[in-house]
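Hi there,

Here is the structure I promised to pass on to you. Have a look at it first, and then read on for my notes.

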Number of protein chains: 2
Amino acid sequence: MARTLIKNLKEKVGQDVEISGRVLNIRKLGAAILFVVVQDYSGAVQVVFETETKVGIGEVVKIEGKVKEDSRAKNGVEVGGEKLETISANLEELPYDFAGKDLNLQLNTLLDLRTTSLRHPKTQAIFKLYDLLLEGYEKTMRAEGFTEIKTPKILEAASEGGANFFKINYFDKEAFLAQSPQFYKQIMVGVFERVFEIGTVFRAEPHFTTRHVNEYVSLDAEMGFIKSYEDVMKMLNLAIKGVFDHLRTNGEEYAKLYNVEIPEVPAKIPAIKLADLKKLVKEKYDYTIPESTDIDPEGERLAGRWAKEEHNSDFVFVTNYYWKDKPFYTMPSDKDQNETEGFDLLFKGVEIATGSQRIHEYEMLLENMKAKGVKPAGMEFYLNTFKFAMPPHGGWGLGSERIIQLILGLGSVKEAVLFPRDVKRLRP
Amino acid sequence: MARTLIKNLKEKVGQDVEISGRVLNIRKLGAAILFVVVQDYSGAVQVVFETETKVGIGEVVKIEGKVKEDSRAKNGVEVGGEKLETISANLEELPYDFAGKDLNLQLNTLLDLRTTSLRHPKTQAIFKLYDLLLEGYEKTMRAEGFTEIKTPKILEAASEGGANFFKINYFDKEAFLAQSPQFYKQIMVGVFERVFEIGTVFRAEPHFTTRHVNEYVSLDAEMGFIKSYEDVMKMLNLAIKGVFDHLRTNGEEYAKLYNVEIPEVPAKIPAIKLADLKKLVKEKYDYTIPESTDIDPEGERLAGRWAKEEHNSDFVFVTNYYWKDKPFYTMPSDKDQNETEGFDLLFKGVEIATGSQRIHEYEMLLENMKAKGVKPAGMEFYLNTFKFAMPPHGGWGLGSERIIQLILGLGSVKEAVLFPRDVKRLRP
C-alpha cells in the first residue's frame, strides 16, 4: 500500500490506509485498548488498536488501518489500527520523558541531549516557528523589491577595527570569520539598491549570558535612496510586521504550547532618542543608566516597559546613539555631532536589531575613520567603492534566534538555536 | 515631490514625476538632445533631455520630468526630462567601459574591480538569476513539506574523516569550519522528517579550476521514510524542476543578455549506473575513464553528451558510485557490496549535486565506519543519534553557484559568486 500523509487522512474516511511516522505518545485503556499518537511531517493522528499490539514510545513505525471520522480530533479523524510494524526501534531507553508535556531539563542537559531532545513536540515548536520566521522575512523583503544576496564569511582582514573575530588558517595565510556582512551589503546597494541576506555571523565574544551565542543567523538588509534613518526604521518596522503577521497566521499552534500569543506589531513603532530615554528612565523609574554604557540591559528593559505602558507596544526604537559608541560607517547626526543617525530596535525590552544611515561620501568616510582612529588597512576595496557614485543608504542587522526566544519566553537564546555554540560548547 | 518607482511610471502617463537611480547609459543626438537611461531597483527607463544637461555615466541622479507614452520602449513609457540633479558622482573615471554591451575583462581584473563591476547590467543579471534560484528552491522545498533549518558552521572535530577542513582558533581550543551540514541534517530527519538548508560551506581544497571555490552556498535537503535512493532522486528531480521553472518564468530577460535559454528539466531525468556509464563511454565515445577516479571531468562531459543525444536531456543521474569512493554514511548497495545507493546529478556534463540513501541503523553504521577505517572520535553525538529510532532516509547537497554558471555558460564558477574565495583570493 502507498503511504498516506496524515494531513490527507480526512479525505480517506472509511478507507484502508498506510501511515508512517514517529510514536509521540501511547495510552492504555484497560487491558485491550491502546491509543497511539503518530506524527509524520504533515501532522499527527491518534490510532486506536483493539488487538494486542507491541510498540514503544519514540519508535518509528508503519501502521495499516481504517480512517474513521472523529469530531473530537484536531483534524477530524482517527485511525482504527489493524497492523503495526516497527521500522526503527530505540536501542536504549530515551534519556528523558519523551511523552511528558514538558521536557523539564536543565539547559546544559537539554543541549547535551539535543540530537534527540529536539524530537519533543515542545522543542519542535521552537524550530517550526523559526522556519516560519525565515519564510516571513524572505517573503516580506522580496515583496519590497529587495534582492537576496550571499556574501563571503571568510575575510582577509578583521575589519571594522574590532577585536572579536575568530582567526582561521587559510592555506598559508591568516584570515577571519565575518562578524557581519556590513561592507558587502553596502557595496551591493551600489548594485541592486535594495538587498537582503540571511546568513551566519560569528562573534568571538567571551559572553556568558542568556542572550548571546558565538554563531548565529543574522537577517540583514540594506537600502538606497533614503532621506534619513527614518526611512530605514520604516522599512524595518514593515519587515518585522511582515514576519510577525506570518508567524501569527501560521504559527499559532506552536505558540499555544508555550501559553503565549504572538504579539501584534504596531503600524508605527514608537521611537525615542537615547538622550531622552536616559532622562525618562531616571525620572519615571528612578534608574540611572551607567555612564560607561550607551545603554545597559536594565535600561533596555525599562525602555521596553515605557513603550508598553505609554504606547501599548512590545517594540520600541531607541535612536541617536552616541557617535563615540558607533562604528565608523555610521552617519553622524547633522543636528548634534555627538550623536549619530543610528538606532536599535528593542522587543520586550531586549535589543533585536541595530541599524543606521551610513556614510556614503568618500571624503566624509575617511574623515570619520580618522576621527575614530580606525586604520584603513584591509578595507581599501570597501573604501574605494565610495569613490564611485553611491546613493544615500542605510540598513540593519536583525538577530533571528532572539526573536523566537522572546516570543516564547525561553530562558536562553540557546534554546532557540538548533545546535548552539558558546565559549564552552562546540557539540553536538 | 515623492519618488516614483520606474516600474510604476506607466500608471502616470502625462504626469510630472520624480525618479532616482543610476545612469546606465548616455547617448547624444546632435548638440541638443540627450538620452539618459536610468535604473532603479524596479526597472530602467529612458529620459530625454532637450535642454542642456550635464551628467556622467554611472552617476546616481534624481530627475524630474513628464511621463510620455512610447510604444517602442520596454515598459511602454519614456520620460521627458526637465531637471537633473547629481546625488553622487564618480570621483574617478570608472576603470572599465560601464556603458559597453559586455565588460570584456579578464577574470582576475573582473574580480579585482568587483565592487563596482557588479553594477554592469550583464553582471547584475547573474545575481538576479541567483536570487531567483534561491527563491525557487525555498518555495519548492516548502511546498513539499520540508522545514528550513540552520545548522552550525563551527565544528568541534574535522568529521567525515576528511582532510580538507579549515582550522579556527576558537577561544582556547581548536575548531573547524563545516564542509557540509551532513551530520546535522541527518539528525534533523529524526525531528522533522523533511528538512532543507541554504548555507555556506567551506572546503580547504587547493583547487585551481573553473568549477571550484573554497566557500560556496550549498542547497541541502534530507528526507525520511524513503524506500530507496530512487525516492531521493525523484525529489531532487522535482526540486530542480521547481527551480528551473521559476527561473524560466521570471528570469528570461537575464538569460537573454547571455543569448541562452534556460533549459527545461525532464519530468524524469535519465539515470545510468556508473559501471554501465564506464562501458558506454568506452564503446560509444572511445574514452576510458581513468581507474584512479570514480569519474573524471571528461567522463562527466561524455555522460552529459550521452544524455543529450539519447534522451534530449541536459540532466543525467549517475548512480551506484563505488563503496570505496563514498563516505561512511552512504548506504551500500544491497545487490553489489562494491557499490552504494549513492548518485550524482550532472547538468550539461558537470556535477551539480551529490546524494544518497544513508545508513540509518546504528550497528551497520559502526561496521561501515570500521570497514572504512574511520575513527568515531568527535562524532559520538552523531553516532549515538542512531541508537534512537531513525527512519530510512537520504538527501543531497546541491551547489547553487554552479547551476547559474552552467545556465549562462560562464567561463568560471567564480563569476557566479559575488565575492569568490579561492586559494589566492580573499578580497574584495
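Below is what I found, going from the pair of chains down to a single helix packing.

One thing to keep in mind throughout is that this is a predicted model.

Let me start with the symmetry. In general, two copies of a chain are related by a rotation about an axis and a shift along it. Here, a turn of 180° with a shift of 0.0 Å along the axis lays chain B on chain A, and the RMSD is 0.0 Å. That is the relation of a two-fold axis. Within chain B, the C-alpha nearest this axis belongs to B:I168, at 2.2 Å from it.

Next, the interface. Chain A and chain B each put 74 residues into the contact. On the chain B side, helix α3 (residues 121-143) supplies the largest share, eight residues. Sorted by class, that side of chain B consists of 35 nonpolar, 22 charged and 17 polar residues. Of the interface residues of chain B, 100% are also interface residues in chain A, so the two copies meet through the same surface.

The residue closest to the axis in chain B, B:I168, also turns up in the strand pairing between the chains: A:I168 stands opposite B:I168 in β8(B). Strand β8 (residues 167-170) of chain A and strand β8 (residues 167-170) of chain B run antiparallel and are joined by three bridges. They belong to an open sheet of six strands with antiparallel pairing, in the order β7(A)-β9(A)-β8(A)-β8(B)-β9(B)-β7(B). At the edges stand β7 (154-155) of chain A and β7 (154-155) of chain B; each has a single partner strand, so one side of each is left without a neighbour in the sheet.

Now for chain A on its own. Its domain assignment gives domain 1 (6-88) and domain 2 (121-416). Taken over C-alpha atoms, the centres of these two domains of chain A are separated by 46 Å.

Finally, a helix pair in chain A that you may like to look at. How do α6(A) and α7(A) lie relative to each other? The axes of helix α6 (residues 274-285) and helix α7 (residues 297-311) of chain A come within 10 Å and cross at roughly 75°, so the two helices are roughly perpendicular to each other. From α6(A), residues A:L277, A:L280, A:V281, A:K284 and A:Y285 meet A:G299, A:L302, A:A303 and A:W306 of α7(A). The residues of this contact divide into seven nonpolar, one polar and one charged.

Best wishes

Methods: Residues are numbered from 1 along each chain as its sequence is written. Chains are lettered from A and ligands numbered from 1 in the order in which they are written. This is a predicted model: local features need pLDDT of at least 70, side-chain atom pairs count only at pLDDT 80 or more; totals for chains, interfaces and linings use all residues. Two residues are in contact if their C-beta atoms, placed from the backbone, lie within 7 Å. Helices (H or I, at least four residues) and strands (E, at least two) are DSSP runs, numbered from the N terminus. Ala, Val, Leu, Ile, Met, Phe, Trp, Tyr, Cys and Pro count as nonpolar, Asp, Glu, Lys and Arg as charged, and the others, Gly among them, as polar. Two strands pair if DSSP finds at least two bridges between them. Axes are lines fitted to C-alpha atoms, for helices over the stretch in contact, and angles run from 0 to 180 degrees between N-to-C directions. Angles under 35 degrees count as roughly parallel, over 145 as roughly antiparallel, 65 to 115 as roughly perpendicular and the rest as oblique. Domain bounds come from an automatic or database domain assignment. Copies are superposed by least squares on the C-alpha atoms of residues with pLDDT of at least 70 in both.
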